[in-house]
Amino acid sequence: YNPVELIIMLYDGAIDFLDKAATAINMLEVPIKIKCIDKAIAIIEELRNALNLEVGGEIALNLQNLYLHMMRELVLANAKNDENRVKHVIGLLRELREAWVQIKNQV
């Protein structure tokens, strides 16, 4: 896999875990919700750690801020059983994933 494909796979994993977390919130399955949100946060943290702020400049900085926002939202979603916050983060991840797919297709 090339780096862009790996990034897309990380987005897919985070989205999948958050879809499961949203379902778990609806089903009142707290342990599953916690596990899935934790895994999604870990993936987003990896994406954030992979950023090169020196090379990536403003784009990398904006991505870092967006990843931090997502992690904060997921911590709150976990604490408050807030499916809407989970869905908000899923939407952000899907938008970013689509941008990476377009980058991949141009290479």
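The buried residues of helix 4 are covered by elements that include helix 1 (3-26), helix 2 (30-49) and helix 3 (53-80). This statement, like those that follow, refers to a predicted model. Helix 4 itself spans residues 83-106, and its buried residues are E83, V86, V89, I90, L92, L93, L96, W100 and V101. An α-helix has 3.6 residues a turn, so residues three or four places apart point the same way. Such spacing can be followed in the buried set of helix 4, which includes V86, V89 and L93.

The dimensions of helix 4 can be stated directly. With 24 residues, helix 4 reaches 35 Å from its first C-alpha to its last, close to the 34 Å expected at 1.5 Å a residue. At the start of the helix, a side-chain oxygen of D82 comes to within 3.0 Å of the backbone nitrogen of N84.

The loop between helix 3 and helix 4 contains N81. The phi of N81 is near 50°, a positive value in a residue other than glycine. Most residues other than glycine have a negative phi. N81 counts as partly exposed, because its relative accessibility is 39%, a value between the limits of 20% and 50%.

On either side of this loop, the two helices pack against each other. Helix 3 and helix 4 meet at an angle of about 155°, and their axes are 8 Å apart. Angles over 145 degrees count as roughly antiparallel, and helix 3 and helix 4 are therefore roughly antiparallel to each other. Their crossing is left-handed. From helix 3, the contact is made by L63, L66, Y67, H69, M70, E73, L74, L76, A77 and K80; from helix 4, by R85, V86, H88, V89, L92, L93 and L96. Several of the helix 4 residues in this contact are also buried, among them V86, V89, L92, L93 and L96.

Helix 4 also packs against helix 1. The angle between helix 1 and helix 4 is about 160°, with the axes 9 Å apart. That angle makes helix 1 roughly antiparallel to helix 4, and the crossing of helix 1 and helix 4 is left-handed.

Helix 1 may now be considered in its own right. Its 24 residues should span 34 Å at 1.5 Å a residue, and the end C-alpha atoms are 35 Å apart, which agrees. The buried residues of helix 1 are V4, I7, I8, Y11, G13, A14, I15, L18, A21, A22, A24 and I25. What covers them includes helix 2, helix 3 and helix 4. K20, also in helix 1, counts as partly exposed because its relative accessibility is 42%. K20 and I37 are 17 residues apart in sequence, yet 8.7 Å apart in space, C-alpha to C-alpha.

Both ends of helix 1 have further local features. N2 caps the N-terminal end, where a side-chain oxygen lies 2.9 Å from the backbone nitrogen of V4. Y1 is found in the segment before helix 1. With a relative accessible area of 73%, Y1 is exposed. Leaving aside residues up to four places away in sequence, Y1 touches L6 and M9. Y1 and L96 are 95 residues apart in sequence and 19 Å apart in space, C-alpha to C-alpha.

After helix 1 comes L28, with a positive phi near 60°. L28 is found in the loop between helix 1 and helix 2. L28 is exposed, because its relative accessible area is 73%, where the limit is 50%.

The remaining pairing to describe is that of helix 2 with helix 3. These two helices pack at an angle of about 170°, with their axes 10 Å apart; they are therefore roughly antiparallel to each other. Helix 2 contributes K33, I34, I37, D38, A40, I41, I44, E45, L47 and R48, which meet Q64, Y67, L68, M70, M71, L74, V75, A77 and N78 in helix 3. One of these helix 3 residues, N78, counts as buried because its relative accessibility is 17%, which falls under the limit of 20%. Not counting neighbours within four places in sequence, N78 is in contact with K33, I34, I37 and D38.

Definitions and conventions: Residues are numbered from 1 along each chain as its sequence is written. This is a predicted model: local features need pLDDT of at least 70, side-chain atom pairs count only at pLDDT 80 or more; totals for chains, interfaces and linings use all residues. Side-chain values use heavy atoms; hydrogens and water are left out. The expected span of a helix is 1.5 Å times one less than its number of residues. Buried means under 20% relative accessible area, exposed over 50%, partly exposed in between (1.4 Å probe, protein chains only). Contact means heavy atoms within 4.5 Å. A polar contact is a pair of N or O atoms within 3.5 Å; within protein, one must be able to donate a hydrogen and the other to accept it, and residues adjacent in sequence count only if both atoms are side-chain atoms. Axes are lines fitted to C-alpha atoms, for helices over the stretch in contact, and angles run from 0 to 180 degrees between N-to-C directions. Angles under 35 degrees count as roughly parallel, over 145 as roughly antiparallel, 65 to 115 as roughly perpendicular and the rest as oblique. A crossing is left-handed if the near helix is turned anticlockwise from the far one by less than a right angle, and right-handed if clockwise.
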